[in-house]
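Reader: I am new to protein models and would like to learn how to read one. Could we go through it together, question by question?
Author: Gladly, here it is.

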Amino acid sequence: MYLRAFFIDFYRKRTSLQSDQDIIHGLLSDKRDYAANIFVRKYQRFVFSVAQRYLKSYEDACDASQEVFIKAIRNIGNFRGECSLQTWLYSIVINVCHSMNKKKKLRSFVSFSPFDSMPESITYDYNPENSTLDTEFQQIFDNLMKQLPEKQRETFILRYIDELSYEEISQMLGTSIGGLKANYFQAVKKLALLLKPDGDI
Amino acid sequence: MEIYNIMNMNQQHLLDSLPDYVDGKVDEHLKDAIDNAKQLDTVLQSEIITIQSVFNALDKDQIRTHQEYISRNISVHVVQALETKKTRLFTSNHIIAFCTLSVIICISILYSIYLPDKHNLTAVSSYTLSDSNNISKNDASEVQDVIYETHDIFQLSLLEESNAYQQELLDDIIVDEVFAIYERELTLENQSETTTALENEIQNVLLLEGKDDETL
């Protein structure tokens with residue numbers, strides 16, 4: 001447990017040393033592989049958590065995250081710097097998740113689709129259901145988030161967990177800063193009600 | 001409420017800022033405003049206690065650690081995917097370009113094979129659909145070249161119609177020519193005898209051509 005925390009802390013410190021400008025410069029230069037590694041490690045938690053919230057599936061979120069990073073690395077030359085790299089990534093995640101949801105709907109509509117019988121190209125060694133790491137706490141947190149309306153949930157997670165500024169969240173969600181503050185307060189109030197001993201959770 | 005007015009802030013604004021206040025993310029100006037306001041306002045005090053209890057229950061470090069743990073393998077797969085695409089001989093763009101080129105070549109071959117037949121069919125159909133009055137001798141001979149072997153009867157009928165049309169054209173030309181001469185002669189002075197003789201001549205010609213009195 002301590003060893004895992006140590007490694008995570010080590011990764012966090014290592015990746016936080018790299019600024020977005022360094023990463024972008026590295027991706028456009030000869031050190032592309034190294035920069036890509038740092039870039040993905042820095043934002044994989046953020047991208048994965050957003051994808052999982054939208055897709056509600058661990059496997060789909062993994063695939064979406066991979067696609068998001070490949071798209072971002074390929075199109076890093078198109079990044080104009082009008083917003084932060086994280087905001088740009090968020091917009092890519094939303095686009096990828098939307099297209100994946102559309103494909104899923106199409107596949108479920110066309111039941112004889114050959115994709116159903118195709119094996120997964122990538123296998124992941126993590127199965128959340130089999131893991132004993134913080135499972136109970138995570139389940140409680142996931143259930144709490146499900147109870148919140150989408151805007152309030154996104155605002156709460158982006159502000160409280162991801163610690164983004166209101167300006168960045170406003171660019172991501174397209175809501176005014178005043179509206180975001182109100183959403184954040186309402187989300188916390190609702191969570192307080194749900195966490196009460198006689199609450200739903 | 002006086003203090004809110006003094007600070008140019010209303011209670012709702014302060015309430016909305018409370019989660020950031022509890023989380024330590026407000027600037028000094030707002031922090032002082034809330035510190036002063038909560039001493040007088042019991043609602044703010046209770047809200048702060050509620051928010052603190054929520055934040056204590058939902059430890060953000062614990063949530064982040066879990067998220068980082070379950071997403072730790074993504075970087076490996078992304079790097080693998082980038083490496084695979086680099087080493088692949090044919091990319092999807094190559095395949096698309098090859099398929100497009102193949103389709104264009106196939107279409108051009110098929111078009112070159114079927115083009116003459118298609119041209120004949122078009123010629124025949126256009127002559128079939130057109131008004132027979134608009135067919136000239138040249139058109140008729142073209143049709144003759146195209147459908148000579150297979151459409152003998154059709155060809156003959158076209159030629160007959162075109163001949164009849166040519167005859168009508170000839171009649172009109174003769175009449176026009178005669179009237180032109182007549183008008184020219186009328187303009188000449190002191191030639192009434194000639195004019196009368198010419199009128200008679202015209203009358204005879206038109207009677208021979210079968211024109212009625214109205215035309216005269």
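**Where the two chains meet**

Author: Let's begin with the contact, which takes 37 residues from chain A and 31 residues from chain B. Please keep in mind that this is a predicted model.

Reader: Which element gives the most to the side of chain A that touches chain B?
Author: The elements of chain A that give two or more residues to this side are helix H1 (2-16), H3, H4, helix H6 (135-147), helix H7 (150-161) and helix H9 (177-195). The one that gives the most, with nine residues, is H3(A).

Reader: By class, how many residues on that side of chain A are nonpolar?
Author: Let's go through the classes in turn. On the side of chain A that touches chain B, six residues are polar and six are charged, while the nonpolar ones number 25.

Reader: What pattern does chain A follow along the sequence?
Author: Start with the secondary structure of chain A, which comes to nine helices and zero strands. Read from one end of the sequence to the other, the pattern is therefore written with helix symbols, as α-α-α-α-α-α-α-α-α.

Reader: What share of the residues in chain A is buried?
Author: A residue counts as buried if 20 or more other C-beta atoms lie within 10 Å of its own. Among the 201 residues in chain A, the buried share is 30%.

Reader: How are H3(A) and H4(A) oriented to each other?
Author: Helix H3 (residues 32-55) and helix H4 (residues 58-74) of chain A pack with their axes 8 Å apart, at an angle of about 135 degrees. Over 145 degrees would count as roughly antiparallel, and 65 to 115 as roughly perpendicular. The angle here falls in neither range, so the two helices are oblique.

Reader: How do the residues of the contact of H3(A) with H4(A) divide by class?
Author: H3(A) passes H4(A) in a right-handed crossing. Residues including A:Ala36, A:Val40, A:Val47 and A:Phe48 in H3(A) meet residues including A:Ala61, A:Ala64, A:Val68 and A:Phe69 in H4(A). By class, the residues of this contact are one charged, three polar and twelve nonpolar.

Reader: Is A:Val47 buried or exposed?
Author: A:Val47 has its place in helix H3 of chain A. Leaving aside neighbours within four places in sequence, A:Val47 is in contact with A:Ser65, A:Val68, A:Phe69, A:Leu89 and A:Val93. To count as buried, a residue needs 20 or more other C-beta atoms within 10 Å. A:Val47 has 26, so this residue is buried.

Reader: What distance separates the C-alpha atoms of A:Val47 and A:Val68?
Author: Along the chain, A:Val47 and A:Val68 are 21 residues apart. In space, the distance between their C-alpha atoms is 8.0 Å.

Reader: Which elements do the buried residues of H2(A) pack against?
Author: Helix H2 (residues 20-28) of chain A has the buried residues A:Ile23, A:Gly26 and A:Leu27. Seen down the axis, these fall within an arc of 100 degrees, so they line one face of the helix. The elements that the buried residues of H2(A) pack against are H3 and H4 of chain A.

Reader: Which helices are included in what covers the buried residues of H8(A)?
Author: In helix H8 (residues 166-173) of chain A, the buried residues are A:Tyr166, A:Ile169 and A:Met172. They cover an arc of only 120 degrees around the axis, which puts them on the same side of H8(A). Their cover includes helix H5 (85-109), H7 and H9 of chain A.

Reader: What share of the residues in chain B is buried?
Author: The secondary structure of chain B comes to ten helices and zero strands. Of the 216 residues in chain B, the buried share is 14%.

Reader: How is H2(B) oriented to H3(B)?
Author: Helix H2 (residues 11-22) and helix H3 (residues 28-40) of chain B have axes 11 Å apart and pack at an angle of about 110 degrees. Angles of 65 to 115 degrees count as roughly perpendicular. That makes H2(B), relative to H3(B), roughly perpendicular.

Reader: Which residues in H3(B) are met by residues in H2(B)?
Author: The crossing of H2(B) and H3(B) is left-handed. From H2(B) come B:Leu14, B:Ser17 and B:Tyr21, and the residues they meet in H3(B) are B:Leu30, B:Lys31, B:Ala33, B:Ile34 and B:Ala37.

How values were computed: Residues numbered from 1 in each chain as written. Chains lettered and ligands numbered in written order. Predicted model: local features only at pLDDT ≥ 70, side-chain atom pairs only at ≥ 80, totals over all residues. Axes fitted to C-alpha atoms, helices over the stretch in contact; angles between N-to-C directions. Helix = DSSP H or I, 4+ residues; strand = E, 2+ residues; numbered from the N terminus. Parallel < 35°, antiparallel > 145°, perpendicular 65-115°, else oblique. Left-handed = near helix turned anticlockwise from the far one by under 90°. Contact = placed C-beta atoms within 7 Å. Nonpolar A, V, L, I, M, F, W, Y, C, P; charged D, E, K, R; others polar. Buried ≥ 20, exposed ≤ 12 C-beta atoms within 10 Å, placed from the backbone. Arc of directions from axis to C-beta.
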